[in-house]
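Hi,

Here is the structure I said I would pass on. Have a look at it first, and then read my notes underneath.

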Amino acid sequence: MDSQERHIAIWNECLRIIEQNVEPQQFKVWFCRIRPVSLVDSKLTVAVPSLFFQEYMESAFLDILRKTLTRVIGEGAQLSYVVRPVNNQPEIRFPGQRVATPVNPQVTINATPSSHPSPFIYPGLHKVQINPRLNPAYCFANLVEGECNKMGVTAGENIAAAPGKTVFNPLFIFGGPGLGKTHLAQAIGIAIKEKYPDQVVLYVTGNEFKTTFMHAVNVMNKLTDFMAYYMKLDVLIVDDIQDLMGPSCQNTFFNIFNYLHQNGKQLIFTSDRAPVDLQNFEERLLSRFKWGLSVQLTHPDYKTRLQMLRSRAEREGVQIPEEVLDFLATRVKTNFRELEGSLISLIAHASVERGRSMMELANAITENLVGEEKTDLDIERVQKSVCEYFNISREDLLSKSRKRQIVQARQIAMYLSRNLISNCSLAAIGQEIGGKDHATVLHACTTVSDLMATDKLFKKYVSDIESMLVPASR
């Protein structure tokens, strides 16, 4: 291959891998705008359209870029940028999004004579002081960032710096219960109020919006007042928007959404499902949910769970042995809420039952949370399932063979043993899988994690075997 074309081939291979591991919209908006410039040794230089673009890529996609470049180029791979503005390319924006003119956060909405008055604002209404209904505990400082929420945190910080003026409008955060949707949404609102005290921010649940709407219409007969109240906002945060049911309620919300969005106001929504999976919603409303950025929060990995426990213990002013925190992080895998609950319960019990050790209490507390997961699952069963899946013998798995399939099967067995078997140490796993030391097991777990982030087929291998071992979790 011509050395002058090698950087193009290398970047195209990187794009192929990245496209399989990020959302199609993210790939189109961000990665398709990057152009390869040169490849010198292990340093790939690419051109991006702006400094902001570069900063966002580094903050939002650093992990996938690092792992992909290492996979394609090898260890020591580096990525550098040059900024080359593209004059004939439109701004990054999603379908239907209007480019709002800069809005002074201190501007008030006062009725002024106009030949084209707004149909939703009438004389006499002035900007009022509104309680944002934000919980100070739900700030960014108390939010632990990990792979499970990295994209959401990055987008949230960008929004807080310039509410209503980024491409993340609306921001749609979705995921299962206890994964931190409310915390992230409120953290954005708190950060905006800190940076722009005059911004009118409101946090409300979908059910509260619906209930207040019904009261305004059926009891007070003041629908116009209701709409005017919401149209005064600079930032609207609606939690659990899937509860916004009913055609009349959705129609009113549709008009409020349009007014706020067209006037450069920030919209943030959370839901237990993706926009495409929302039931009984008007299509025109669903299409608007997709205008900005949709971010999924996933289950936290071990590293993030452990970091969250350390952070919360520090906030509570208590010292908990590292092995106890490790036990909780290994045992409680479902979500942040259950993990936090187990820690608070441990602290409460420890203050009363002083005769029992922390580890004994932790084991008793988590028994109620994850007792149903306790089966005959052990390292031997993990090995058996891996061998069955890859059609290899247990002798091959435990051998010193360096064949690629055997090595990967061995690493997957170590990874699943670490993640699925409660209170199983790295040393114990290594001893049972060919007499390896704990450093080898830790390296195997890291390798599997990295490959899962860049190789969909490999990720399917791990997921399939995990389903064989813990079918109830799927």
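Let's start with one arginine: R133 comes out as partly exposed, because its relative accessible area is 37%. One thing to keep in mind throughout is that this is a predicted model.

So what does R133 pair with? Its salt-bridge partner is E208, and the closest N and O atoms of the two are 3.0 Å apart. This pair links distant parts of the chain: R133 sits in the loop between β3 (78-83) and α5, while E208 belongs to helix α7 (residues 206-218), 75 residues apart. E208 is partly exposed too, at a relative accessible area of 28%. If you are wondering about the chemistry, side chains of opposite charge can pair when their charged atoms come close.

Now zoom out for a moment. The protein chain has 474 residues, and 46% of them are buried. It holds 20 helices and eight strands. Take the contacts in the chain with a separation of 6 or more: 74% of them are between residues 24 or more positions apart. The chain exposes about 23900 Å², and carbon and sulfur atoms supply 50% of that.

Back to the charges. How many salt bridges turn up in the whole structure? The search finds 15.

Another one of them joins E340 and R312, with 2.1 Å from N to O. Here both partners are in helices: E340 in α13 (residues 336-352) and R312 in α11 (residues 302-316), 28 residues apart, so this pair also links distant parts of the chain. Are the two buried or partly exposed? E340 is partly exposed, since its relative accessible area is 27%. R312 has a relative accessible area of 14%, and residues under 20% count as buried, so R312 is buried.

Next, find K67 and D450. They form a salt bridge whose closest N and O atoms are 3.3 Å apart. K67 lies in helix α4 (residues 62-73) and D450 in helix α19 (residues 438-454), so the bridge ties together parts that are 383 residues apart in sequence. K67 counts as buried because its relative accessibility is 10%, whereas D450, at 25%, counts as partly exposed. These two have company as well: salt bridges that share partners join D63, R66, K67 and D450 into one network.

There is also some charge out on the surface. Which residues form a negative patch there? They are E145, E147, E157 and D301. Of these, E157 is found in helix α5 (residues 150-161), and it is partly exposed, with a relative accessible area of 45%.

Now step back one residue along the chain to G156, which is found in helix α5 as well. G156 is buried, because its relative accessible area is 0%. What does G156 touch, leaving out residues up to four places away in sequence? The answer is F140 and I188. G156 and I188 are 32 residues apart in sequence, but their C-alpha atoms are 5.6 Å apart in space.

If you want a place to begin on screen, try G156 and E157 in helix α5: the glycine is buried, and the glutamate is partly exposed. After that, trace the network of D63, R66, K67 and D450.

Cheers

Technical notes: Residues are numbered from 1 along each chain as its sequence is written. This is a predicted model: local features need pLDDT of at least 70, side-chain atom pairs count only at pLDDT 80 or more; totals for chains, interfaces and linings use all residues. Side-chain values use heavy atoms; hydrogens and water are left out. Patches are made of residues with over 30% relative accessible area and no salt bridge: like charges are joined within 9 Å, nonpolar side chains (Val, Leu, Ile, Met, Phe, Trp, Tyr) within 5 Å. Accessible areas come from the Shrake-Rupley method with a 1.4 Å probe; for residues, only the protein chains shown count as cover. A salt bridge is a side-chain nitrogen of Lys or Arg within 4 Å of a carboxyl oxygen of Asp or Glu. Lys and Arg count as positive and Asp and Glu as negative; His and the chain ends are not counted. The place of a charge is taken as NZ of Lys, CZ of Arg, CG of Asp or CD of Glu. Helices (H or I, at least four residues) and strands (E, at least two) are DSSP runs, numbered from the N terminus. Buried means under 20% relative accessible area, exposed over 50%, partly exposed in between (1.4 Å probe, protein chains only). Contact means heavy atoms within 4.5 Å.
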